[in-house]
Amino acid sequence: MKELISTEHLHFEYVRAEEENVLVLNDINISIHEGEFVAVLGHNGSGKSTLAKHFNAVLLPTGGKVLVDGIDTAQPDRVFDIRQKIGMVFQNPDNQIVATIVEEDVAFALENLGIEPAEIRKRVDDALKKVDMYEFKEHAPHQLSGGQKQRVAIAGIIAMRPECIVLDEPTAMLDPKGRREVLNTVMELNREHSTTIALITHYMDEAVHADRIIVVDHGDVVMTGTPREIFSQVDKMKELGLDVPQVTELCHRLKQEGLPVPDDVITEEECTAVLKQLLQ
Amino acid sequence: MAIIKTEHLSHVYSEGTPFEKVAVGDVSLEIEQGAFVGVIGHTGSGKSTLIQHFNGLLKPTSGKIMVDGKDIWAEENKKNIRNVRFQVGLVFQYPEYQLFEETVYKDIAFGPGNMGLSEEEIHTRVSEAMEFVGLKEKYAQKSPFDLSGGQKRRVAIAGVIAMRPKVLILDEPTAGLDPKGRDKILGQIREYHQQTQSTILLVSHSMEDIAKYAGKVLVMNHAGVFDYDTVERVFSRSAELTRMGLSVPQVSRVFERLSSEGLSVSQNVYTVEQAQREILRLYTQKKEGFHA
């Protein structure tokens with residue numbers, strides 16, 4: 001599979017007034033492949049959002065480089081190409097909506113790109129259908145729930161037909177239903193439309209659905225692997241200030257008590273099956 | 001005794017216009033002194049509007065709200081509405097954006113200062129509040145804007161705690177925090193609750209956190225109270241909660257599945273600890289059964 005985003009010795013620091021430089025990213029070497037769903041985990045201040053902002057040239061490395069589909073993000077004349085390939089969705093849906101009607105909001109970037117009206121119409125409808133918000137196309141965004149607004153924000157991104165969407169804690173402000181809606185939308189885009197996904201999250205039950213997890217700590221990538229490989233290391237995750245899904249923790253504890261259960265259980269289904277077998 | 005009591009409280013926005021919207025409709029509720037209440041409800045269920053009545057930020061469009069036995073909007077109490085805000089402290093969502101003073105100390109001292117307390121008393125309260133939220137003394141003279149997001153949030157919570165409110169309401173205090181930061185803040189709130197015997201209302205979208213920390217749960221739905229009961233009784237209505245856009249903790253869902261597959265497991269499991277105990281109990285029982 002083709003590498004869509006790769007970082008080579010990515011280093012980022014910034015200068016704070018009157019103080020020495022603050023090192024945020026140390027020496028990051030990762031790659032995200034076309035069609036992959038990657039989750040990025042790390043505690044607050046670990047550098048994971050800073051890393052994500054390098055994926056579409058919002059930030060530029062102070063050392064090393066970032067390649068997006070082979071283009072070096074440090075090339076100023078390629079920024080628009082990069083941003084068209086990599087779209088970003090942020091935490092607060094209210095900060096991302098600019099228009100007063102849903103469909104106009106989704107069309108905003110397309111108008112800026114100078115796309116033909118007929119094509120805009122087609123793309124907007126298509127994007128709204130993909131996030132299951134088509135029936136709300138004439139609604140005012142402020143009348144929508146958080147999860148709906150966030151899906152409109154995602155539609156605005158997919159209307160640009162990016163190859164990859166980077167989502168920085170898109171569910172942090174949502175209620176359980178909104179979280180389910182957004183996660184389902186993200187998973188569907190990945191599975192059915194092969195959109196590459198980089199999801200930054202504090203919710204371990206969202207990361208479970210990724211193909212691969214990257215754990216960032218103090219500006220370094222400290223773990224990378226499938227959700228099963230990552231979450232089975234319960235103690236290490238806790239040391240890093242992170243967590244594991246409740247079902248993983250339960251099986252881990254039971255195993256420590258000497259019960260014959262595996263410690264790489266990550267879904268409700270698996271946990272139910274394991275416990276059923278244990279008790280029957 | 002009820003510290004907060006509402007009688008047929010309603011709040012209608014833009015009443016009499018085409019935009020009229022009932023945010024809270026006919027809520028009669030009694031919250032006991034000393035309770036730790038988790039408040040849940042989907043976006044737009046009316047929970048934020050309701051809690052803003054508890055400290056007099058919003059005035060009911062009809063009905064009454066009593067704090068510590070006093071009708072706060074009664075003619076004779078109306079002019080002292082400010083005192084209600086000292087009694088019922090409200091920590092908003094993302095409170096770190098509300099910091100404004102030059103130093104952490106001054107920011108936390110702002111509330112007690114408004115109460116007209118002496119410098120000495122203010123000092124005691126600031127130190128006490130900083131200790132509750134786990135902020136070391138060395139931060140007192142720092143600018144709050146030089147702190148990390150998690151620390152700023154602690155300063156904001158300390159600013160409310162420093163007024164020693166009888167009721168502390170926190171609107172999603174852990175939104176956007178990592179798991180460790182989340183456990184730390186909630187642990188400190190629990191500690192504060194136990195030490196001060198004050199009443200806590202914790203608004204959260206995390207059913208896991210509600211199950212772990214709260215004793216009772218207030219469920220808001222469609223501008224009304226769907227339920228106000230113990231954690232056990234509320235979470236036993238799993239199907240209804242899911243239908244209204246909420247959920248139950250992940251371990252509870254596993255136990256529901258086990259039960260529907262014919263195993264006789266307890267349905268009162270809401271935390272990992274409870275699940276662990278229950279499985280161990282059943283496993284031991286099964287093994288002993290074999291020996292018998």
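This report describes a predicted model with chains A and B.

**How the chains meet**

Contact between the chains involves 36 residues of chain B and 34 residues of chain A. On the chain B side, the elements that give two or more residues are helix H5 (149–161), helix H6 (179–196), helix H7 (207–213), helix H10 (250–260) and helix H11 (272–291). H11(B) provides the largest share, with eight residues. By type, the side of chain B that touches chain A holds 16 nonpolar, 13 polar and seven charged residues.

**Chain B: domains and annotation**

The domain assignment splits chain B into domain 1 (2–231) and domain 2 (249–292). Their centres, taken over C-alpha atoms, are separated by 36 Å.

A UniProt annotation from an unreviewed entry, "domain: ABC transporter", covers residues 4–247 of chain B. This span is 36% helix and 25% strand. Its end C-alpha atoms lie 27 Å apart.

**Chain B: strands**

Strands of a sheet pair through backbone hydrogen bonds, either parallel or antiparallel. Chain B has an open sheet of four strands in the order E2-E1-E4-E5, with antiparallel pairing. Strand E2 (21–32) and strand E5 (70–71) are the edge strands, and each pairs on one side only. Within this sheet, strand E1 (residues 2–13) is joined to E2(B) by eight bridges. B:Tyr13 has B:Lys21 as its bridge partner in E2(B).

Strand E6 (residues 88–91) of chain B runs parallel to strand E7 (residues 167–171), and four bridges join them. The partner of B:Val88 in E7(B) is B:Val167. In a regular strand the side chains alternate between the two faces of the sheet. What covers the two faces of E6(B), buried or exposed residues? B:Val88 and B:Leu90 on one side are buried, and so are B:Gly89 and B:Val91 on the other.

The table sets out three strand pairs from the two chains.

| Strand pair | Sense | Bridges | A facing pair |
|---|---|---|---|
| E1(B) and E2(B) | antiparallel | eight bridges | B:Tyr13 and B:Lys21 |
| E6(B) and E7(B) | parallel | four bridges | B:Val88 and B:Val167 |
| E10(A) and E11(A) | antiparallel | five bridges | A:Ile214 and A:Thr224 |

**Chain A: a hairpin and a helix**

In chain A, strand E10 (residues 212–217) and strand E11 (residues 220–225) pair in the antiparallel sense. Across this pair, A:Ile214 stands opposite A:Thr224. The hairpin has two residues between the strands, and A:His218 takes a positive phi near 45° there.

Helix H5 (residues 146–158) of chain A has 13 residues. At 1.5 Å a residue it should span 18 Å, and its end C-alpha atoms are 18 Å apart, which agrees. All 13 of the 13 residues of H5(A) are buried, so the helix is largely enclosed by the rest of the structure.

**Positive phi in two loops**

Most residues other than glycine have a negative phi, and most peptide bonds are trans. Two loop residues have a positive phi without being glycine.

A:Asp69 has a phi near 50°. A:Asp69 sits in the loop between strand E5 (63–68) and strand E6 (71–72) of chain A. Why does A:Asp69 count as partly exposed? Because A:Asp69 has 16 C-beta neighbours inside 10 Å, where 20 or more would make a residue buried and 12 or fewer exposed.

B:Ser14 has a positive phi of about 50°. B:Ser14 lies in the loop between E1 and E2 of chain B. With 9 other C-beta atoms within 10 Å, B:Ser14 is exposed.

Notes. Residues numbered from 1 in each chain as written. Chains lettered and ligands numbered in written order. Predicted model: local features only at pLDDT ≥ 70, side-chain atom pairs only at ≥ 80, totals over all residues. Contact = placed C-beta atoms within 7 Å. Nonpolar A, V, L, I, M, F, W, Y, C, P; charged D, E, K, R; others polar. Pairing = 2+ DSSP bridges. UniProt positions renumbered as here; feature names shortened; annotations may be inferred. Expected span 1.5 Å × (residues − 1). Domains from an automatic or database assignment.
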